[in-house]
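This report describes how the helices of one protein chain are arranged and which residues lie between them. Please keep the sequence and the structure in view while reading.

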Amino acid sequence: MKIGRMAVAVVGCALVASVAQAAPANRQRGVNARQQRQAQRIHNGVKNDELTRGERDRLSADEAAIRAKERVYRRSGDGLNANERRDLEHDLNKTSREIYRDKHNDRTPPPE
């Protein structure tokens, strides 16, 4: 009887762990999805007056440069290889940190 309870407990833990890992899977993955999420963060920052025009323009230029680099990578072969993906993720990480810093630096756009 102890073995049966132990087996049920192990299976139950495994199910809970698999459900916990599957929760973030609802969010789209990949470079393009991440670029869209970051563009949305920039848009929301402008809408909520968390970003100034200069900050928005600089962040948008960073995003455009990443998209251009991705186009070059994708044209050079069959999709993105591991090194190209890693390079784009590095650039996206940097831009993500910049978005966060700019949104939380207490600067507000001048009144119109």
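How many helices and how many strands are there in the protein chain?

## Overall architecture

The model discussed here is a predicted one, and its protein chain holds four helices and zero strands. Followed along the sequence, the chain therefore reads as the pattern α-α-α-α, with helices counted from the N terminus.

Of the 112 residues in the protein chain, 23% count as buried. Among contacts with a separation of 6 or more, 69% are accounted for by residues 24 or more positions apart.

## Helices α2 and α3

The axes of α2 and α3 come within 11 Å of each other and cross at roughly 170°, which makes α2 roughly antiparallel to α3. The crossing of these two helices is left-handed. On the α2 side the contact is made by V31, N32, Q35, Q38, I42 and V46, and on the α3 side by R56, L59, S60, E63, I66, R67, E70 and R74. By character, the residues of this contact divide into five nonpolar, four polar and five charged.

R74, one of the α3 residues in that contact, counts as partly exposed at 36% relative accessibility. Leaving aside neighbours within four places in sequence, R74 is in contact with N32, G79 and L80. The C-alpha atom of R74 is separated by 9.1 Å from that of E84, a residue 10 positions away along the chain.

## Helices α2 and α4

Helix α2, spanning residues 31–47, and helix α4, spanning residues 82–103, have axes that come within 11 Å and cross at roughly 15°; the two are therefore roughly parallel to each other. The crossing of α2 and α4 is left-handed. From α2 the contact draws on V31, R34, Q35, Q38, R41, I42 and G45, while α4 contributes R85, L88, E89, L92, N93, T95, S96, I99, Y100 and K103. The residues of the contact of α2 with α4 fall into six nonpolar, six polar and five charged.

## Helices α3 and α4

For α3 and α4, the axes come within 11 Å and cross at roughly 175°, an arrangement that makes α3 roughly antiparallel to α4. In α3 the residues E55, R58, L59, D62, E63, I66, K69, E70 and Y73 take part, and they meet E84, D87, L88, D91, L92, T95, E98, I99 and D102 in α4. The residues of this contact divide into six nonpolar, one polar and 11 charged.

Is T95 of helix α4 buried or exposed? T95 is buried, with a relative accessible area of 4%, and its place is in helix α4. When neighbours within four places in sequence are left aside, T95 is in contact with Q38, L59, D62, E63 and I66. Q38 is among the α2 residues that make the contact with α4, whereas L59, D62, E63 and I66 are among the α3 residues that meet α4.

## The nonpolar core

Which residues make up the largest nonpolar core? This core has six residues in all, namely V31, I66, Y73, L80, L88 and L92. The elements that give two or more residues to this core are α3, covering residues 53–75, and α4.

L80, a member of this core, touches V31, Y73, R74, R85 and L88 when residues up to four places away in sequence are not counted. Of these partners, V31, Y73 and L88 also belong to the core, and R74 has its place in helix α3.

## Residues with positive phi

Two residues outside the helices deserve a separate look. D49, found in the loop between α2 and α3, has a positive phi of about 55° although it is not a glycine. At 46% relative accessibility, D49 counts as partly exposed.

D106, which is placed in the segment after α4, likewise has a positive phi, here about 65°, although it is not a glycine. D106 is exposed, with a relative accessible area of 74%.

Technical notes: Residues are numbered from 1 along each chain as its sequence is written. This is a predicted model: local features need pLDDT of at least 70, side-chain atom pairs count only at pLDDT 80 or more; totals for chains, interfaces and linings use all residues. Side-chain values use heavy atoms; hydrogens and water are left out. Axes are lines fitted to C-alpha atoms, for helices over the stretch in contact, and angles run from 0 to 180 degrees between N-to-C directions. Angles under 35 degrees count as roughly parallel, over 145 as roughly antiparallel, 65 to 115 as roughly perpendicular and the rest as oblique. A crossing is left-handed if the near helix is turned anticlockwise from the far one by less than a right angle, and right-handed if clockwise. Contact means heavy atoms within 4.5 Å. Ala, Val, Leu, Ile, Met, Phe, Trp, Tyr, Cys and Pro count as nonpolar, Asp, Glu, Lys and Arg as charged, and the others, Gly among them, as polar. A nonpolar core is a set of buried Ala, Val, Leu, Ile, Met, Phe, Trp, Tyr and Cys residues joined through side-chain atoms within 4.5 Å. Buried means under 20% relative accessible area, exposed over 50%, partly exposed in between (1.4 Å probe, protein chains only).
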